[in-house]
Amino acid sequence: MSEPLTRRDWLRRSGALLGGATLVGPGALTATTPSPRRSRSPIRMMYNENPYGPSRTARMTMTKAFEESSLYNHFGASVEMKEILAKKEGVSPEEIVLGSGSREILNVAALHYLGDGGEIVANYPGYETLNTYAENLGAKVNRVRVKDDMSPDFPALRKAVNENTKLINFCNPNNPTGVAVGAKTLEPFCRAMESKCLVFVDEAYNEYVMDKGYRSMVNLVKEGLNVMVTRTFSKIHALAGIRLGYGVAMPVIVSKLEPLITGTVNILGLRAAMASLKDEGFQEMSRSKNLTAKEMVYEVLEQTGKEYAVSEGNFIFFRTGISIKEFQAKMEKKGILVGRPFPPFDKWCRLSMAKPNEMRKFASSFKEVMA
Ligand SMILES: Cc1ncc(COP(=O)(O)O)c(C=O)c1O
């Protein structure tokens, strides 16, 4: 015979049906903060995901959007999404392109600009998706190694641009280093380069940045410059599995890229993203917990004498001093998955931030592995 449900059980189960949303009680429906205590096993510190999962409002909206999920043609919802994003970015809807994750926009940019050959200039290490897609099309990628402090080598980047360069791939903050370049440095670089080729600025981690000198390069798009910016709902909005990203560029660029998009964005993603954008409390919670987690890692790295790059993202790149493969295996034995190798930085690790209790487990496991 089944146990009678207590009121608490009932609430918990109802919450599960609504993807974790509570129906009654303090903070119901408008609550933004998913439980920070529930731990994951293994602890995922390898893909730069938001450990808290989607906001409650996004979860509830997705549950409701199931009703629409048997239908084709969400043209209306895509138009609405573009209008919302255009308003947020201060551009027109014709300057927004939606993709199945920002990765799709990176790929169609590669297809359009490098489909007939040509070259890319990119920081190394950096986020490689656009580069490798272009290489598969036969393009050449000039990878410019970052300086010893992990900041971009601007003179070398400028020097690497030649008459065949079609695109500069600039990730800010950069993945895997986490280093963000302030507007005072990046803006003049974009202005100087945009007459030579498209300056593509991948701002996937934009919302995590705390550095006051940082600014999105969207303002250069507004000025009509040959600059494209991409953003994603996969990071601070915690919707990586739902696949929604967007690009901002002049209408003439958007109209070239949009026909190359291979599918349509999905209705759950659109509805969840609209809800998540409004949920500023969730974004603020994610940002501040990310900062606390990073401070804890910096402290552990300093205690153990490890070199690291100060990160503006939701991850930290640091020198383990042992092979990353060995480090990965040792951490996995402790129930923690850490980032993959980024050659030639084979003794460095990219570590994604996690929940407070998971961070404590990381700290103690790391000290044991390094002892
Ligand atoms: C810098 C950067 N850009 C783009 C992406 C692609 O993200 P998505 O396709 O989920 O929007 C990622 C994913 O990790 C990333 O780190």
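A residue counts as buried here if 20 or more other C-beta atoms lie within 10 Å of its own, with C-beta atoms placed from the backbone. That criterion recurs at several stops of this tour, which leads through a predicted model.

**The whole chain**

Begin with the protein chain displayed as a cartoon. The chain holds 13 helices and 11 strands. Of its 371 residues, 45% are buried. If one considers the contacts with a separation of 6 or more, 73% of them join residues 24 or more positions apart.

**Asn-48 and the loop after S1**

Select Asn-48 next. This residue is placed in the loop between S1 and helix H2 (56-65). Because 23 C-beta neighbours lie inside 10 Å, Asn-48 counts as buried. Its backbone deserves inspection: phi of Asn-48 is near 55°, a positive value in a residue other than glycine.

**Two cis peptide bonds**

Move to Pro-42, in the loop between helix H1 (7-17) and strand S1 (43-45). The peptide bond joining Ser-41 and Pro-42 is cis, and its omega is about -5°.

Then select Pro-176, which lies in the loop between strand S5 (165-171) and helix H7 (183-193). Here too a cis peptide bond is present, between Asn-175 and Pro-176, with omega about 20°.

**The ligand shell**

Select the ligand and display the residues around it. The shell comprises 13 residues, and the closest are Gly-101, Ser-102, Arg-103, Thr-232 and Ser-234. By class, the shell contains 4 nonpolar, 7 polar and 2 charged residues.

**Gly-99 in strand S2**

Select Gly-99, a residue of strand S2 (residues 96-99). Is Gly-99 buried or exposed? It has 26 C-beta neighbours inside 10 Å, and Gly-99 therefore counts as buried. To see which residues it touches, leave aside those up to four places away in sequence; the contacts of Gly-99 are then Glu-104, Ile-105, Gly-245, Tyr-246, Gly-247 and Ile-261. Add Thr-264 to the selection: Gly-99 and Thr-264 are 165 residues apart in sequence, yet their C-alpha atoms are 7.5 Å apart in space.

**The loop between S7 and S8**

Two residues of one loop come next. His-237 is found between strand S7 (227-232) and strand S8 (245-248). With 25 C-beta neighbours inside 10 Å, His-237 is classed as buried. Residues up to four places away in sequence being set aside, His-237 touches Ala-273 and Ser-276. Which C-alpha atom, 188 residues away along the chain, is separated from that of His-237 by 9.4 Å? The C-alpha atom in question belongs to Glu-49.

Continue along the loop to Arg-243, which is also found between S7 and S8. Arg-243 has a positive phi of about 65° although it is not a glycine. Since 20 C-beta neighbours lie inside 10 Å, Arg-243 counts as buried; the threshold for that class is 20 or more.

**Helices H3 and H10**

Select helix H3 (residues 75-89) together with helix H10 (residues 267-278). Their axes are 10 Å apart, and the two helices pack at an angle of about 30°. H3 and H10 are therefore roughly parallel to each other, as angles under 35 degrees count as roughly parallel. H3 passes H10 in a left-handed crossing. To view the contact, show the side chains of Ala-77, Ser-78, Met-81, Ile-84 and Lys-88 on H3, and those of Ile-267, Leu-270, Ala-273, Met-274 and Leu-277 on H10. This contact of H3 with H10 has 8 nonpolar, 1 polar and 1 charged residues. Ala-273 of H10 has already appeared on the tour, as a residue touched by His-237.

**Helices H11 and H13**

For the last stop, select helix H11 (residues 280-303) and helix H13 (residues 356-370). The axes of H11 and H13 come within 10 Å and cross at roughly 10°. That angle makes H11 roughly parallel to H13. What residues make the contact? On H11 they are Ala-293, Met-296 and Val-300, and on H13 they are Met-359, Ala-363 and Phe-366. Coloured by class, the contact of H11 with H13 shows 6 nonpolar residues, no polar and no charged.

Key:
Residues numbered from 1 in each chain as written. Predicted model: local features only at pLDDT ≥ 70, side-chain atom pairs only at ≥ 80, totals over all residues. Near = placed C-beta within 6 Å. Nonpolar A, V, L, I, M, F, W, Y, C, P; charged D, E, K, R; others polar. Helix = DSSP H or I, 4+ residues; strand = E, 2+ residues; numbered from the N terminus. Buried ≥ 20, exposed ≤ 12 C-beta atoms within 10 Å, placed from the backbone. Contact = placed C-beta atoms within 7 Å. Axes fitted to C-alpha atoms, helices over the stretch in contact; angles between N-to-C directions. Parallel < 35°, antiparallel > 145°, perpendicular 65-115°, else oblique. Left-handed = near helix turned anticlockwise from the far one by under 90°.
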